[in-house]
Amino acid sequence: MAIRATYPPGAAHEAAEICLRCGVCCNVAHSCHVMYDGKFTPTNTFVYDCLASEKGASNPNIWMCVSCHKCEETCPYEVSPVHFIEVLKGQALRCGWVHTTIRAEVSQVIATGYAFPVSGATERQRQALNLKPLPMKPLRDLAKIAEKTGLVESLKEGSQ
């Protein structure tokens, strides 16, 4: 489980400003998979794109962050860029601005408990490795949790 950054009242804004002015995490080799995307540069970093965008939570680029926390590891100021991006993702989720890929993956997990469809090829690979077949029973508890927390409603396209 990821440790969420907590800031004293009023300090979150200051931490975000430090993060926006720094950019070290986006310039350190291998710090983030999105650094290989041609639209991000040393002056227009992924973190800057997410945090300074006028689009805010509706910025589709926030979904490129896989929450690997490598930015935290390289941050010289002990600021958590991923914390701010997670907050934006939460806002996006509440407003129904979920990227279609994320919507499909989360729906898949709720329905089956797996982040990918289990196909015949998956079963053949498992058999070749002498692994047991994956159980394919519906996860009622997971579906209940998703329903009661509002996740199911948030995943509906255009829900707001």
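**Exercise 1. Describe the largest pocket of this predicted model by its volume, its lining and the elements that supply it.**

Step 1: The largest pocket has a volume of about 640 Å³, where a pocket is, on a 1 Å grid over the protein atoms alone, an open set of points with protein on both sides within 12 Å along at least five of seven lines. Grid points are joined across faces, edges and corners, and a volume is the space filled by probe spheres set on the points.

Step 2: Its lining, meaning residues with an atom within 4 Å of a point, comprises 20 residues, and those nearest the centre of the largest pocket are Trp63, Lys89, Leu93, Ile102 and Val106.

Step 3: At least two lining residues come from each of α5 (81–95), α6 (100–112) and α9 (151–155), with α5 giving the largest share, 5 residues. Helices are DSSP runs (H or I, at least four residues) numbered from the N terminus.

Step 4: By residue class, the lining of the largest pocket holds 11 nonpolar, 4 polar and 5 charged residues; Ala, Val, Leu, Ile, Met, Phe, Trp, Tyr, Cys and Pro count as nonpolar, Asp, Glu, Lys and Arg as charged, and the others, Gly among them, as polar.

**Exercise 2. Work out which residues line the second largest pocket and which elements they come from.**

Step 1: The second largest pocket, with a volume of about 150 Å³, is lined by Ala16, Leu20, Cys50, Leu51, Ser53, Gly56, Phe84, Val87, Leu88 and Gln91.

Step 2: Two or more of these residues come from each of α1, α3 (46–52) and α5, and the largest share, 4 residues, belongs to α5.

Step 3: The lining of the second largest pocket divides into 7 nonpolar and 3 polar residues, with no charged ones.

**Exercise 3. Characterise the second largest cavity.**

Step 1: The structure holds 2 cavities of 30 Å³ or more, a cavity being a set of points where a 1.4 Å probe fits but cannot get out. The second largest cavity has a volume of about 60 Å³.

Step 2: Among the residues lining the second largest cavity are Cys19, Cys22, Cys25 and Cys75, together with Tyr77 and Pro81.

Step 3: α1 (11–22) and α2 (24–27) each supply at least two lining residues, and α1 gives the most, 3 residues.

Step 4: The lining of the second largest cavity counts 9 nonpolar residues, 1 polar and no charged.

**Note on reading the values.** Residues are numbered from 1 along each chain as its sequence is written, and side-chain values use heavy atoms, with hydrogens and water left out. In this predicted model, local features need pLDDT of at least 70 and side-chain atom pairs count only at pLDDT 80 or more, whereas totals for chains, interfaces and linings use all residues.
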